[in-house]
Amino acid sequence: MDIFLQQILNGLVLGSVYALVALGYTMVYGILGLINFAHGEVVMVGALVSLSVVELLMGSGLGIPVPAVGALALLAAISVCMGLGFSIERVAYRPLRRAPRLAPLITAIGVSILLQTVAMLIWGRRYHTVPALIPPTPHTLGGATITNVQILIIVVSALIMAGLMGLVHFTRLGRAMRATAENPVVAGLMGVNINRIISATFIIGSALAAIAGVLVSSNYGIAHYYMGFVLGLKAFTAAVLGGIGNLPGAMVGGLLLGLIESLGAGYIGDLTGGFLGSHYQDVFAFLVLIMVLVFRPTGLLGERVSERA
Amino acid sequence: MRADWQRLLYWFRRDARGRWIGLALIVVALAVLPFVLEASVGRTWVRIIDLALLYAMLALGLNIVVGFAGLLDLGYIAFYAVGAYAYALLASPHFGVHLPWWVLLPVGAVLAAFFGVVLGAPTLRLRGDYLAIVTLGFGEIIRIFLNNLNAPINITNGPQGVNLIDTIAIDGVSFAKTNTLLGIPFPGTHLHYYLFLLIAVLVMFVCMRLEDSRIGRAWVAIREDEIAAQAMGINTRNIKLLAFAMGATFGGVAGGLFSSLQGFVSPESFAVWESITVLCMVVLGGMGHVAGVVLGALLLATLPELLRHTAAPLQQQLLGKVILDPESLRMLLFGLALILVMLLRPAGLWPSPTRRRELTSTRVSGTV
């Protein structure tokens, strides 16, 4: 029973990170109908930038208090990623808005390769150990353990998601975003500056990605230039699972995927009599993705999407 | 002087005799190429050309799926892996089975085609970007299985890969060692070159014939507008599956040949970036244009090697140290090339004439 609970807790932690990243995919998809393939790399950049800031401040000997270091690192990561998201849209997607659908997808792959290589040149190929700003103290919860860092991840993600929902539903910007997602042409006629809204979407999505990057690297204690790719892929799966273009869907999808993965990895050994082990964890995300697309292409919460020809 | 050249060129292209002579010249040039390369820049370059020919086959296979049928496949390298492992497992000491190559290449091809259909069947209803992600996932699944199927029963030997794979031998002439024919020594790399060239030309021929066939036109129709294609009486399901199977077949054959050339396969050779490299070749060369795709493959397979041999020494000389290792430089250039080509020359370096017309004429209706 405690193993079961443990896997549930691990799944929730993992799932909240997926949900944060998935929101970025789903927001862009909802507005542009485009998969921002480079989004996972933005997460990676966020993690590595925050790591460098932490190392710099801790090594500077200025004696800056730990919470301030954390806040500065997070701020640095968020601002770098916002700039990155803005530029990616400007350079790689905006000129191709009227091009065939394959075109922006291919430039997105190009951006992804570029970001990865540049990150590798800056931070090297090695795995960086992320210094623990908050010493992880384990708490027991009904036979399972959860660290305070993990609790923090869940709480921060929940707060950010609530904030995003507020932004989208109760502000002028949010209303413009929803209008653009509904119909860009009509929204433009109603006086919405479409280009500004699209830029804003990318910027917000990238900020979420930066936070996710910081959270995930502090959870595992590891960051490296290749971490964004698989994470991005899984977050995308989460977005599809929940119904792409749908914000609550991305959150539900993220949490669900986290649970499926951690429960799957925990029990696959028992289920297959030891034939398949926990290193098949990554397979689950892809299997879920394929199953969802086959049986319910609109996702769990998605509405019926008309075929875009 | 220039007029002479033009007249000669015209003669080669138009005159019946000129055509034959031109063709003969090309054949002779291709036949002596490995010897010229070995004499001038060393045997490694013959090997590089061997690999470039394999990439050309892969690019042609992917071109059927992406270029003709317009289905973006980001896991194409999985079929290459299937072909390579089929060959490796059945012609190596790993299982102690040593089947001849003429059995294994078709086996690899059929197996790859089967996987192509397995991948295609559930994804038929998906379009564009969804399909891209699913195929990407599929490619990763294959790689993860290859990496982990060494326990509890050792099937693929895991990350260590399969070693000591038999080299192709035709009529007792093994490609593993140097053979002397008519007094000329032919090293194994040269023999592989001739075989690969033959198969690549064959694949090219098949692709060109396919393009103009009923099936090829059906693929293009699906690419342009699936619903309209369906309305015209095309069985889109079967035709799309055929595209997947066909593309996968070429990948499987190329995989088998790769095993023979390398004598060693491991899951590392089939990472996602390999799929993307092949996609780059198709996109840069000119999606849907057979000659363009081959050009793209040859360029992208040989240029990085050229960089490897020039970029590092050049940096050493100019800056005193190597700042960009060739591998990173290659990836940087790949990424940049993908973006720039899409922005500036969306039809590729050498687009097919019809495609160029489509893309330059003003679009009446974009994607909304």
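How far apart are the end C-alpha atoms of helix 11 of chain B, and which span should its 14 residues have at 1.5 Å a residue? Keep that question in mind while you select residues 272-285 of chain B in this predicted model. At 1.5 Å a residue the helix should span 20 Å, and its end C-alpha atoms are 20 Å apart, so the expected span and the distance in the model agree.

**Stop 1: around helix 11 of chain B**

With helix 11 of chain B still selected, look at what lies around it: 12 of its 14 residues are buried, so this helix is largely enclosed by the rest of the structure. Among the buried residues you can pick out Glu274(B), Ser275(B), Cys280(B), Met281(B) and Gly285(B). Step on to Gly286(B), which follows the helix and has a positive phi, near 135 degrees.

**Stop 2: helix 12 of chain B**

Next select residues 290-319 of chain B, which form helix 12. Its 30 residues should span 44 Å at 1.5 Å a residue, and the end C-alpha atoms are 41 Å apart, which agrees. Look along the helix for a kink of about 30 degrees, which is centred on Arg308(B). The buried residues of helix 12 of chain B include Val290(B), Gly292(B), Leu299(B), Leu300(B) and Pro304(B). If you show the surroundings as well, you will find that the cover over the buried residues of this helix includes helix 3, helix 7 (188-212), helix 11 and helix 13 (326-344) of chain B.

**Stop 3: the largest nonpolar core**

Now select Cys81(A), Met57(B) and Ala59(B), which, of the 209 residues in the largest nonpolar core, touch the most other members. The largest share of this core, 18 residues, comes from helix 3 (residues 43-68) of chain B. Centre the view on Met57(B): leaving aside its neighbours within four places in sequence, this residue is in contact with Ile199(B), Ala200(B), Val203(B), Phe250(B), Val253(B) and Ala254(B).

**Stop 4: chain A as a whole**

Hide chain B for a moment and colour chain A by secondary structure, which shows 11 helices and 4 strands. The C-alpha atoms of chain A fill a box of roughly 55 × 55 × 35 Å, taken along the principal axes. A compact globule with 309 residues would have a radius of gyration near 19 Å, and chain A has 20 Å, which agrees. Of the 309 residues of chain A, 49% count as buried. Among the contacts in chain A between residues at least 6 apart in sequence, 76% join residues at least 24 apart.

**Stop 5: where the chains meet**

Bring chain B back, and select the 37 residues of chain A that are in contact with 35 residues of chain B. Helix 4 (102-123), helix 9 (227-242) and helix 11 (281-295) of chain A each supply at least two residues of the side of chain A that touches chain B. Helix 4 of chain A gives the most to this side, with 13 residues. By type, the residues of the side of chain A that touches chain B divide into 28 nonpolar, 5 polar and 4 charged.

**Stop 6: Asp282(A)**

Finish at Asp282(A), which has its place in helix 11 of chain A. Is Asp282(A) buried or partly exposed? With 18 other C-beta atoms within 10 Å, Asp282(A) is partly exposed, because a residue counts as buried at 20 or more and as exposed at 12 or fewer. Leaving aside its neighbours within four places in sequence, Asp282(A) is in contact with Val230(A), Glu140(B) and Ile144(B).

Conventions
Residues are numbered from 1 along each chain as its sequence is written. Chains are lettered from A and ligands numbered from 1 in the order in which they are written. This is a predicted model: local features need pLDDT of at least 70, side-chain atom pairs count only at pLDDT 80 or more; totals for chains, interfaces and linings use all residues. The expected span of a helix is 1.5 Å times one less than its number of residues. A nonpolar core is a set of buried Ala, Val, Leu, Ile, Met, Phe, Trp, Tyr and Cys residues joined through C-beta atoms within 7 Å. Two residues are in contact if their C-beta atoms, placed from the backbone, lie within 7 Å. The radius of gyration is taken over C-alpha atoms; the globule rule is 2.2 Å times the number of residues to the power 0.38. Ala, Val, Leu, Ile, Met, Phe, Trp, Tyr, Cys and Pro count as nonpolar, Asp, Glu, Lys and Arg as charged, and the others, Gly among them, as polar. The bend at a residue is the angle between axes fitted to the seven residues ending there and the seven starting there.
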